[in-house]
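Please find below a reviewer's note on the structure, set out as numbered points. Each point may be read beside the coordinates.

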Amino acid sequence: MRIIAKRTLREFWECLEYGDAQVPLEAWYREVANSSWQDPMAIKAQYRTASILKEGRAVFNIAGNKYRLIVWINYPTQTVFIKFIGTHKQYDKIDADTI
């Protein structure tokens with residue numbers, strides 16, 4: 001999978017209060033970059049705790065469920081677009097289906 005854009009993840013973990021997210025986000029990035037998801041079931045097979053949303057979106061729990069990562073996946077082009085990374089409190093303030 002091609003992931004757009006790692007910079008979003010890096011900017012998040014470079015904030016002092018989210019520095020503990022670096023190792024798990026880098027691990028997620030490597031795993032996904034080496035994956036080839038054809039459909040949402042492939043995501044669930046790899047990440048059982050991922051939540052599959054409508055219209056190609058998925059939510060991943062990061063760092064033992066401390067952070068939430070929302071992505072939009074274009075399966076035909078094998079591209080993952082990072083839409084949001086934040087704490088549960090920040091996640092609760094957004095609409096995961098539209099962000």
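The points below concern a predicted model and take up its cores, its helix pair, its backbone and two individual residues.

1. The largest nonpolar core comprises 26 residues, and those that touch the most other members are Trp28, Trp37, Phe60 and Leu69. Two or more residues are contributed by each of helix H1 (6–13), helix H2 (22–33), strand S3 (57–62), strand S4 (67–74) and strand S5 (79–87). Another core, of 5 residues, lies apart from this one; Val59, Ile70, Phe84 and Tyr91 are among its members.

2. Trp28 merits inspection in its own right. When neighbours within four places in sequence are left aside, Trp28 is in contact with Ile3, Leu9, Tyr47, Phe60, Ile62, Leu69, Val71 and Val80. Two of these partners, Phe60 and Leu69, are listed with Trp28 itself among the core residues that touch the most other members.

3. How do H1 and H2 cross? Their axes come within 10 Å, at an angle of roughly 165°. An angle over 145 degrees counts as roughly antiparallel, and H1 and H2 are therefore roughly antiparallel to each other. The crossing of the two helices is right-handed.

4. The contact between these helices draws on Lys6, Leu9, Phe12 and Trp13 from H1, and on Gln22, Leu25, Glu26, Trp28 and Tyr29 from H2. By residue class, the contact of H1 with H2 consists of 6 nonpolar, 1 polar and 2 charged residues. Trp28 thus appears both in this contact and in the largest nonpolar core, and the Leu9 of H1 that takes part in the helix contact is one of the residues in contact with Trp28.

5. The backbone calls for some checks. Most residues other than glycine have a negative phi, and most peptide bonds are trans. Against that background, the peptide bond from Ile4 to Ala5 is cis, with omega near 0°. Ala5 is found in the loop that runs between strand S1 (2–4) and H1.

6. Two further residues have a positive phi without being glycine. For Ala63, phi is about 60°; this residue is placed in the loop between S3 and S4. For Gln78, phi is near 60°, and its place is in the loop between S4 and S5. Are these residues buried or exposed? Ala63 has a relative accessible area of 28% and is therefore partly exposed. Gln78, at 17%, is buried, because the cut-off for that class is under 20%.

7. Thr79 is placed in strand S5, and at 6% relative accessibility it counts as buried. Not counting residues up to four places away in sequence, Thr79 touches Met1, Arg2, Ile4, Trp72, Ile73 and Asn74. Ile4, one of these partners, is also the residue from which the cis peptide bond leads to Ala5. Thr79 and Ser36 are 43 residues apart in sequence, and their C-alpha atoms are 9.5 Å apart in space.

8. Asp39 may be considered beside Thr79. Its place is in the loop between H2 and helix H3 (40–46), and a relative accessibility of 34% makes Asp39 partly exposed. How far is Asp39 from Arg10 in sequence and in space? The two are 29 residues apart in sequence and 27 Å apart in space, C-alpha to C-alpha.

Notes. Residues numbered from 1 in each chain as written. Predicted model: local features only at pLDDT ≥ 70, side-chain atom pairs only at ≥ 80, totals over all residues. Heavy atoms only, no water. Core = buried A, V, L, I, M, F, W, Y, C linked by side-chain atoms within 4.5 Å. Buried < 20%, exposed > 50% of the residue type's maximum accessible area, 1.4 Å probe, protein only. Helix = DSSP H or I, 4+ residues; strand = E, 2+ residues; numbered from the N terminus. Contact = heavy atoms within 4.5 Å. Axes fitted to C-alpha atoms, helices over the stretch in contact; angles between N-to-C directions. Parallel < 35°, antiparallel > 145°, perpendicular 65-115°, else oblique. Left-handed = near helix turned anticlockwise from the far one by under 90°. Nonpolar A, V, L, I, M, F, W, Y, C, P; charged D, E, K, R; others polar.
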